[in-house]
Amino acid sequence: MGSLTFRNHFSLPLGFGLDIDLGADTPGDNENAYVAEGCWYANVGFYKSFFDERLSIRLQADDLFNSSAAKAVLYSGNRVMAVN
């Protein structure tokens, strides 16, 4: 199972900032889980700071394309849980 992550921060003029996070997981086995299909996500955050960065306001959007759900099977002792 592979996992790729891209996280970047852009400092913009006048105290503005932009964060862009992208990630993807490939199918495979990982310890006590089997992931049948890969998934990916895109998160974007925008913020503005005030008063020499003592106050800030942030607008965050997670999983913009609703693509982070993965089909997986989790093994835990005598229990098996399938997530679709």
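Tutor: Quick bit of vocabulary before we start: two strands count as paired if DSSP finds at least two bridges between them. Keep in mind that this is a predicted model.

Student: Okay, in what order do the 4 strands of the open sheet run?
Tutor: Neighbours in the sheet pair in the antiparallel sense. E2 and E5, for instance, do so over 10 bridges, and E5 and E6 over 7 bridges. Put together, the order is E1-E2-E5-E6.

Student: Which strands stand at the edges?
Tutor: Look for strands with a single partner, since one side of such a strand is left without a neighbour in the sheet. That picks out strand E1 (3-11) and strand E6 (55-61).

Student: Which residue in E5 stands opposite Leu-18?
Tutor: Leu-18 falls in strand E2, residues 16-25, which pairs with E5, residues 39-50. Opposite Leu-18 in E5 you'll find Phe-46.

Student: And which residue takes a positive phi in the hairpin of E5 and E6?
Tutor: That hairpin has 4 residues between the strands. The positive phi, near 55 degrees, belongs to Phe-51.

Student: Is Asp-19 buried or exposed?
Tutor: Asp-19 is in strand E2 and forms a salt bridge with Arg-58 in strand E6, 39 residues apart. Arg-58 has a relative accessible area of 45%, so it counts as partly exposed. For Asp-19 the value is 16%, and the cut-off is under 20%, so Asp-19 is buried.

Student: How far apart are the closest N and O atoms in the salt bridge of Glu-37 with Lys-71?
Tutor: Glu-37 lies in the loop between E4 and E5, and Lys-71 in the loop between E6 and strand E7 (72-76), so the pair ties together parts 34 residues apart in sequence. Lys-71 is partly exposed at 38%, and Glu-37 is partly exposed at 41%. The closest N and O atoms are 3.6 Å apart.

Student: Leaving aside neighbours within four places in sequence, which residues is Glu-37 in contact with?
Tutor: Contact here calls for heavy atoms within 4.5 Å. Glu-37 and Gly-23 are 14 Å apart, C-alpha to C-alpha. The residues in contact with Glu-37 are Pro-27, Ala-70 and Lys-71.

Student: Last one: what is the area of the nonpolar surface patch?
Tutor: Phe-10, Leu-12, Leu-14, Phe-16, Phe-46 and Leu-59 make the patch. One of them, Leu-12, is found in the loop between E1 and E2 and is partly exposed, with a relative accessible area of 36%. The patch comes to about 580 Å².

Key. Residues are numbered from 1 along each chain as its sequence is written. This is a predicted model: local features need pLDDT of at least 70, side-chain atom pairs count only at pLDDT 80 or more; totals for chains, interfaces and linings use all residues. Side-chain values use heavy atoms; hydrogens and water are left out. Helices (H or I, at least four residues) and strands (E, at least two) are DSSP runs, numbered from the N terminus. Patches are made of residues with over 30% relative accessible area and no salt bridge: like charges are joined within 9 Å, nonpolar side chains (Val, Leu, Ile, Met, Phe, Trp, Tyr) within 5 Å. Accessible areas come from the Shrake-Rupley method with a 1.4 Å probe; for residues, only the protein chains shown count as cover. A salt bridge is a side-chain nitrogen of Lys or Arg within 4 Å of a carboxyl oxygen of Asp or Glu. Buried means under 20% relative accessible area, exposed over 50%, partly exposed in between (1.4 Å probe, protein chains only).
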